[in-house]
Amino acid sequence: NEAKNINLLTDFGFKRFFGTEPYKKNLIHFLNAFLPPYIGTVTDVSYRPTEQLGMIDKNKRIVFDVFCSSQNESKENIVVEMQKASQEFLKNRVIAYSSRIISNSLVKGDRKYNYPTVISIILANFKIPELKGSSDFVQHVMLKDDKNRIFSEKMSFLLIDLSKFAARKQFGNLSDDRQKWCYAIKNMWRMEESDIPEKYDVFHELYEDCQLSK
C-alpha cells in the first residue's frame, strides 16, 4: 500500500518521534504504557547521548536508537531500540548494550556500586520465539536464580513482538495503551485519522505529526 504517513518502523521515523525533544511527550506516554509495574510512572525524561564508547580504542562502539534517564527519584537509565530484522545474536546484543551503560556509569571511589538501574526495551518487528503460540506480546526478562528468586533488579529487558499487530484491527477495540502503541508504531504509515477515536489525543497528535503532506 502507498504510505500516507512517515513510517515509525524506519530509523528516521522512530528516532524523530521518540528520540527528539520536540516529540518527547510520545516517549513519555509510550514508557508509561509499559514501565509502571517496574519503576512507577515516568513524569519526565532527560535525553542522553546515544553513542557509548568503550574504555579503550579496541572496544566496540555502541549506538542506541533512544537513550534517556527518567526524572524519577531513582533516575533509571532507559534504552529503547527498534529492531526491524531478526538477529541471531539479539540477546547477546541487548545484554552488551545494558552492560556498557552500567560500566560507563561507575564512579571512581564508589565502593557500593550504586549505579542506576538499566531497562532496555526492544521493539522487534519479527516473531519472538519465546512468545510463539501465545497471546502475550511482551517478554519481560530479569536476573533470577534457579528458584525464580530475583537476584538483582539493576538490569532488565522488555522484548515486544510487533509482528502480532500486523493485521488491521479496530484501534478503539485494543485493550490498553500497550496494544495501542504497538499497533500505532507498526501501522502508522498506512493508518487513516478516522481509525483513531476522538478521545485518544496523543495518537491524533502523533498522526498529524507523521503526515507526509506536511
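This is a tour of a predicted model, stop by stop, with the residues to select at each one.

**The main core**

Start with Phe30, Leu31, Val80, Ile121, Ile160 and Ile185. These are the residues with the most contacts inside the largest nonpolar core, which has 47 residues. To see where the core comes from, colour α1 (11-18), α2 (24-34), β4, β5 (77-83), β6 (118-124), β8 (150-161), α5 (177-187) and α6 (201-210); each of these elements supplies at least two of its residues. The largest share, six residues, belongs to α2. In soluble globular proteins, nonpolar side chains tend to be buried together.

Now centre on Ile185 and show its surroundings. Beyond its neighbours within four places in sequence, Ile185 is in contact with Leu8, Leu9, Phe18, Phe30, Met82, Leu123 and Leu162. A second core, separate from the main one, has 19 residues, and Phe64, Phe67, Ile122 and Ala124 are among them.

**Helix α6**

Select Val202, Phe203, His204, Leu206, Tyr207 and Cys210, the buried residues of α6. Then add α1, α2 and α5, since these are the helices against which the buried residues of α6 pack. An α-helix has 3.6 residues a turn, so residues three or four places apart point the same way.

**Aromatic pairs**

Keep Phe203 and turn to the rings. The model has 14 aromatic pairs. One of them joins Phe171 and Phe203: the ring centres are 5.2 Å apart and the planes stand at 70 degrees, so this pair is edge-to-face. Phe171 sits in the loop between β8 and α5, whereas Phe203 belongs to helix α6, so the pair ties together parts 32 residues apart in sequence. Phe171 counts as buried, at 1% relative accessibility, and Phe203 is buried with a relative accessible area of 1%.

Extend the selection to Phe14, Phe18, Phe30, Phe34, Trp181, Tyr183 and Tyr200; with Phe171 and Phe203, these residues form a cluster linked by ring pairs.

For a charge over a ring, select Tyr115 and Lys154. Lys154 lies over the face of Tyr115, at 5.1 Å from the ring centre.

**Asp65**

Next, select Asp65, in the loop between β3 (62-63) and β4 (66-70). Is Asp65 buried or exposed? Its relative accessible area is 13%, and residues under 20% count as buried, so Asp65 is buried.

Which backbone atom does the Asp65 side chain reach? Draw a distance to the backbone nitrogen of Met82, which the side chain of Asp65 reaches at 2.8 Å. Showing the wider surroundings brings in Asp11, Phe14, Lys15, Thr50, Val80, Glu81 and Met82, all touched by Asp65 when residues up to four places away in sequence are left out. Two earlier stops come up again here: Val80 is among the residues with the most contacts inside the main core, and Met82 is in contact with Ile185.

**Two loops with positive phi**

Finish with two backbone positions. Select Lys75, in the loop between β4 and β5. Lys75 is not a glycine, yet its phi is positive, at about 50 degrees. Its relative accessible area is 41%, and Lys75 is partly exposed.

Then go to Asn148, in the loop between β7 (138-144) and β8. Asn148 is likewise not a glycine and has a positive phi, of about 65 degrees. With a relative accessible area of 54%, Asn148 is exposed.

Methods:
Residues are numbered from 1 along each chain as its sequence is written. This is a predicted model: local features need pLDDT of at least 70, side-chain atom pairs count only at pLDDT 80 or more; totals for chains, interfaces and linings use all residues. Side-chain values use heavy atoms; hydrogens and water are left out. Helices (H or I, at least four residues) and strands (E, at least two) are DSSP runs, numbered from the N terminus. Buried means under 20% relative accessible area, exposed over 50%, partly exposed in between (1.4 Å probe, protein chains only). A polar contact is a pair of N or O atoms within 3.5 Å; within protein, one must be able to donate a hydrogen and the other to accept it, and residues adjacent in sequence count only if both atoms are side-chain atoms. Contact means heavy atoms within 4.5 Å. A nonpolar core is a set of buried Ala, Val, Leu, Ile, Met, Phe, Trp, Tyr and Cys residues joined through side-chain atoms within 4.5 Å. Rings of Phe, Tyr and Trp (its six-membered ring) pair if their centres lie within 6.5 Å; planes under 30 degrees apart count as stacked, over 60 as edge-to-face and the rest as tilted. A charge sits over a ring if NZ of Lys or CZ of Arg is within 6 Å of the ring centre and within 35 degrees of the ring normal.
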